Amino acid sequence: MIAETVCAAVSAAGLGIAVITAYRKRFLAAARIAAYSLVPVALVMTGVVDWLADTAFSPTAWAGFGLLGLSWVLFATTRAVERRRGGTRKERKAARAAAPEAVAPRASAPSLDRGTRPAARPAPASRGEDDFSDIEAILKKHGI
């Protein structure tokens, strides 16, 4: 009963503001305000307000929302774990079965094993003139 009265008052106030806005020759804004102000009355007339009031004060409804939240958390957790492991159980089993038979082509990037890592480039001994000699060679090449 109180919710319906509050919704009616909000709608009446919104329609009053819409009339004032239309009086100021801002008809587009007045129509928008009127549309927004009719929403609370429409919610009361469709029964949404009664449903929300019954739901808000019902322990059974809150337990249902809690179970929905728990199911969402479980779903999200299992999806995250599945992504980390690399697929579903069937996909992992198929990958394990195919792994011994498959031969991987030579990779373009070196692997992370110590034995196959290429030798690191030695750092230049003197940084002063060597850095500028490269720049000078490029400038001479372009005639500068």
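Here are a few notes on this predicted model, starting with the overall fold and ending at one surface residue.

1. The fold first. The protein has six helices and zero strands, so if you walk along the sequence you read α-α-α-α-α-α, with helices taken as DSSP runs of at least four residues.

2. On packing, buried residues make up just 9% of the 144 residues in the protein. As for contacts with a separation of 6 or more, 36% of them link residues 24 or more positions apart.

3. The accessible surface of the protein adds up to about 13000 Å². Carbon and sulfur atoms hold 66% of that area.

4. Now for a spot on the surface you may want to pull up in your viewer. Val39, Leu43, Val48, Trp51 and Leu52 make up a nonpolar patch there, and together they have about 440 Å² of accessible area. Two elements give two or more residues each to this patch: helix 2 (27-46) and helix 3 (48-56). Helix 3 has the largest share, with three residues.

5. Leu52 is a handy one to click on. This patch member sits in helix 3. Is Leu52 buried, exposed or partly exposed? Its relative accessible area is 45%, so Leu52 counts as partly exposed, because that class runs between the under 20% of buried residues and the over 50% of exposed ones. The value also clears the bar for patch membership, which asks for over 30% relative accessible area.

Conventions:
Residues are numbered from 1 along each chain as its sequence is written. This is a predicted model: local features need pLDDT of at least 70, side-chain atom pairs count only at pLDDT 80 or more; totals for chains, interfaces and linings use all residues. Side-chain values use heavy atoms; hydrogens and water are left out. Patches are made of residues with over 30% relative accessible area and no salt bridge: like charges are joined within 9 Å, nonpolar side chains (Val, Leu, Ile, Met, Phe, Trp, Tyr) within 5 Å. Accessible areas come from the Shrake-Rupley method with a 1.4 Å probe; for residues, only the protein chains shown count as cover. A salt bridge is a side-chain nitrogen of Lys or Arg within 4 Å of a carboxyl oxygen of Asp or Glu. Buried means under 20% relative accessible area, exposed over 50%, partly exposed in between (1.4 Å probe, protein chains only). Contact means heavy atoms within 4.5 Å.
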